[in-house]
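Hi,

Here is the structure I said I would pass on. Have a look at it first, and my notes follow underneath.

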Amino acid sequence: MNIAQVDYDGLIPNNVALGKDVRVKRALEKWHPGYLNWWNDMGPEGFQQSLVYLRTAVSVDPKGWAKFDYVRMPDYRWGVLLAPQQEGRKVNFGMHKGEEAWQEVPGEYRAMLRRLVVIQGDTEPASVEQQRHLGKTAPSLYDMRNLFQVNVEEGRHLWAMVYLLQKYFGTDGREEAEALLQRRSGDPDTPRMLGAFNEKTPDWLSFFMFTFFTDRDGKMQLEALAQSGFDPLSRTCRFMLTEEAHHMFVGETGVTRIIQRTCEAMKDAGISDPHEIEKVRKLGVIDLPTIQKKANLHFSLTLDLFGSEISTNAANAFHAGLKGRYREDRLKDDHQLESGTYPVLRLIDGKIRNEDAPALSALNMRLRDDYVADCNNGVGRWNKVINDIGIPFELKLPHVAFHRHIGEFSSIKADVNGEILSDADWQKRRNEFLPSDADRNFIESLMKPETQPGKFAGWIAPPKVGIDNKPGDFEYVKIV
Ligand code: BYC
């Protein structure tokens, strides 16, 4: 069998020879109607009968894996796609370093591995649920199509995790697969597992910030899981990362286009002070200080997804060879971390200070540092746009102690520079740092749909190039 080629003959497209694996095939076919019910209930609101110009994976060869065509979303071919198996792959870190990578779940790590797969799986449908209302206010057909592309692929990522649960975790895997369809983002009784996935994504600036910041956590976590000694998880995550790149592209370019439109409108109107918020808003664009506040919100919510800075869970998963560091295979050390240390920002005697901690315990902190560096690169590209148009403003990531609910800084209030604030001062100044009701209402007032091919809402610039090199007036969604 050509592992790079995807078999589209059965109900469930796959490159894992599902046809020969009767038990798993049946289990997935049984799960399929529940998935479609979930998609119909919680997937994009409206537009389900519209034809959307979507990419579908036809191969897992990174050089040419997708084809583009019009598809109705419920007819999208969600499937099970793993990157090709690498001959002779080994466990690359932890106490089993150098052993053959596992093709089955090692009994002693079953619970730990299942927890990682379930948490990863839970985030995927959660994001679809969070974004389900956005189609109605899309600023263009191009953006609407990108939203739906992200949504169907998050759905596929759920399939990816459910395949692992059904194939490798027996009855409890089956139960977890069912539970993934039962939890709901933001539901007080059955919420999604991680905090950021229970927040609202009320407008398109939030959507772009989410795909920039939170999908980037997805990238970091998937990179860490792609290092796993449990080979099926590694292969699954490697292919998910191919799809994930587009999601971050959507976020980064979405925010870039908003910034560009704002700066150009200011320039045309002769406004040079970015803090003249009311004047800028009168132009029908989003002022830069409000964009900064949205970035503060989404960055801080996403930092919580890295767990506590000092974590036994993370140490155990690394030691066991289940979850590595960001691009573990490119790092140059002993890959066991039994003796080294890593600097961790901690709250010591009421002050924020660096302290060396055992490297194994500090793995969440390390992944978070890699994440922050990756975010900063993107923020630098946003600032270049502002600078090139000549507006004196610089977007900055807030301090990691700002607005935290998990880990070292969850017990304090800090401003965006990491200065600790009293509760009273935080209450007084909160709206300086985070979007206020008035900011949210203003953004909401701009969220009017634009559904003419080639037209864009006034608060966002058109993209530089179309998807699949299509021309500017291409009808990305044929709305019915
Ligand atoms: N909210 O040792 P600790 C993506 C819990 S995004 C609520 O500090 P650990 C995507 C934790 O579960 C990537 N609870 O943390 C993006 C534990 O509870 P239990 C998703 C939280 O385990 C956009 C306790 O606190 N993938 O793909 O080292 C769109 C102590 O935990 C939170 C993964 O996250 C929180 N934020 O690290 C679509 C990878 N944080 O077990 C998709 C898999 C911690 O004691 N997950 N807790 O009851 C993991 O690797 C880790 O579980 C975590 C937490 C990084 C999440």
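A cut-off before anything else: a residue is called buried under 20% relative accessible area, exposed over 50%, and partly exposed in between. Tyr70 comes out at 24% relative accessibility, so it counts as partly exposed. Do keep in mind that this is a predicted model.

Tyr70 is a good place to start. Its ring forms a stacked aromatic pair with Phe474, with 6.1 Å from centre to centre and 25 degrees between the planes. The two partners are 404 residues apart in the chain: Tyr70 belongs to strand 2 (residues 66-72), while Phe474 is in the loop between helix 12 (437-446) and strand 7 (477-478). Phe474 has 16% relative accessibility, so this partner counts as buried. Tyr70 also has a charge over its ring, since the cut-off for that is NZ of Lys or CZ of Arg within 6 Å of the ring centre and within 35 degrees of the ring normal. The charge is the end of Lys478, 4.4 Å from the centre of the Tyr70 ring.

On to the other aromatics. Searching the whole structure gives 32 aromatic pairs. One of them is Trp38 with Trp39: the ring centres are 6.1 Å apart and the planes meet at 65 degrees, so this pair is edge-to-face. Trp38 and Trp39 are both buried. They also belong to an aromatic cluster, together with Trp31, Tyr35, Tyr76, Trp78 and Trp159.

Next, helix 5. How far apart are its end C-alpha atoms, and what span should its 23 residues have? The helix covers residues 204-226, and at 1.5 Å a residue the expected span is 33 Å; the end C-alpha atoms are 30 Å apart, which agrees. There is a bend of about 30 degrees in helix 5 at Phe210. As for burial, 23 of the 23 residues in helix 5 are buried. At the N-terminal end, Asp203 acts as the cap, with a side-chain oxygen 3.0 Å from the backbone nitrogen of Leu205. You will also find Arg216 over the face of Phe212, 4.3 Å from the ring centre.

One last residue for your list is Asn383, in helix 10 (residues 363-389). Is Asn383 buried or exposed? Its relative accessible area is 13%, so Asn383 is buried. Apart from neighbours within four places in sequence, Asn383 is in contact with Phe393, Glu394 and Leu395.

Over to you!

Cheers

Conventions: Residues numbered from 1 in each chain as written. Predicted model: local features only at pLDDT ≥ 70, side-chain atom pairs only at ≥ 80, totals over all residues. Heavy atoms only, no water. Helix = DSSP H or I, 4+ residues; strand = E, 2+ residues; numbered from the N terminus. Buried < 20%, exposed > 50% of the residue type's maximum accessible area, 1.4 Å probe, protein only. Contact = heavy atoms within 4.5 Å. Phe/Tyr/Trp six-rings, centres within 6.5 Å; stacked < 30°, edge-to-face > 60°. Expected span 1.5 Å × (residues − 1). Bend = angle between axes of the 7 residues up to and from the residue. Polar contact = N/O pair within 3.5 Å; in protein donor to acceptor, adjacent residues only side chain to side chain.
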